[in-house]
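Biologist: Could you take me through this chain at a gentle pace? I'd like the rules spelled out before the answers.

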Amino acid sequence: MTLRERVEELFPDWAHWYPSLFDAAVDLGVIRARVCDPASLLLSNRHAGVRAAAEHEHRKRWSAEENEPEE
């Protein structure tokens, strides 16, 4: 069931009272806010695992090894 269908099931006339489907869903309790770690909101943190896997596969495919920086 979509968000719109759930809201319309609870309150069919929601569009006359709310400026958006999101506002109606929040007021009706269909969706709720969750507390999360602020660091998890950064896209760089979310995609770090995907980026690391892609880099690993690239190195594996092209037989590239990381070189230690020379001092």
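Modeller: Sure, and let's begin with a rule: a salt bridge is a side-chain nitrogen of Lys or Arg within 4 Å of a carboxyl oxygen of Asp or Glu. By that rule the count here is 1 salt bridge. Keep in mind that this is a predicted model, where local features need pLDDT of at least 70, side-chain atom pairs count only at pLDDT 80 or more, and totals for chains, interfaces and linings use all residues. Residues are numbered from 1 along each chain as its sequence is written, and side-chain values use heavy atoms, with hydrogens and water left out.

Biologist: What pattern does the chain follow, read along the sequence?

Modeller: Helices (H or I, at least four residues) and strands (E, at least two) are DSSP runs, numbered from the N terminus. The chain has 4 helices and 0 strands. Read in order, that gives α-α-α-α.

Biologist: Which residue forms a salt bridge with Glu-55?

Modeller: Look in helix H4, where the two partners sit 4 residues apart, so about one helical turn separates Glu-55 and Arg-59. Glu-55 is partly exposed because its relative accessibility is 38% (buried means under 20% relative accessible area, exposed over 50%, partly exposed in between, with a 1.4 Å probe and protein chains only). Arg-59, at 28%, is partly exposed too. The closest N and O atoms are 3.9 Å apart, and the partner is Arg-59.

Biologist: How far does helix H4 reach from its first C-alpha to its last?

Modeller: H4 covers residues 48-62, so 15 residues, and the expected span of a helix is 1.5 Å times one less than its number of residues. That predicts 21 Å, and the helix comes close to it. Just after H4, by the way, Ser-63 takes a positive phi of about 50°. The reach of H4 itself is 21 Å.

Biologist: Which helix gives the most to the largest nonpolar core?

Modeller: A nonpolar core is a set of buried Ala, Val, Leu, Ile, Met, Phe, Trp, Tyr and Cys residues joined through side-chain atoms within 4.5 Å. The largest one has 7 residues: Val-7, Trp-14, Tyr-18, Leu-21, Ala-24, Ala-25 and Val-30. With 3 residues, the top contributor to this core is H2.

Biologist: How many aromatic pairs does a search of the whole structure find?

Modeller: Rings of Phe, Tyr and Trp (its six-membered ring) pair if their centres lie within 6.5 Å; planes under 30 degrees apart count as stacked, over 60 as edge-to-face and the rest as tilted. The search turns up 1 aromatic pair. Phe-11 and Tyr-18 form it edge-to-face, 6.4 Å centre to centre with 90° between the planes. So, back to the count you asked for: 1.

Biologist: Which residues does Leu-28 touch, not counting those up to four places away in sequence?

Modeller: Leu-28 is in helix H2, residues 21-28, and is partly exposed because its relative accessibility is 30%. Phe-11 is 17 residues away in sequence, with 8.3 Å from C-alpha to C-alpha. Contact means heavy atoms within 4.5 Å, and the residues touched are Val-7, Leu-10 and Phe-11.
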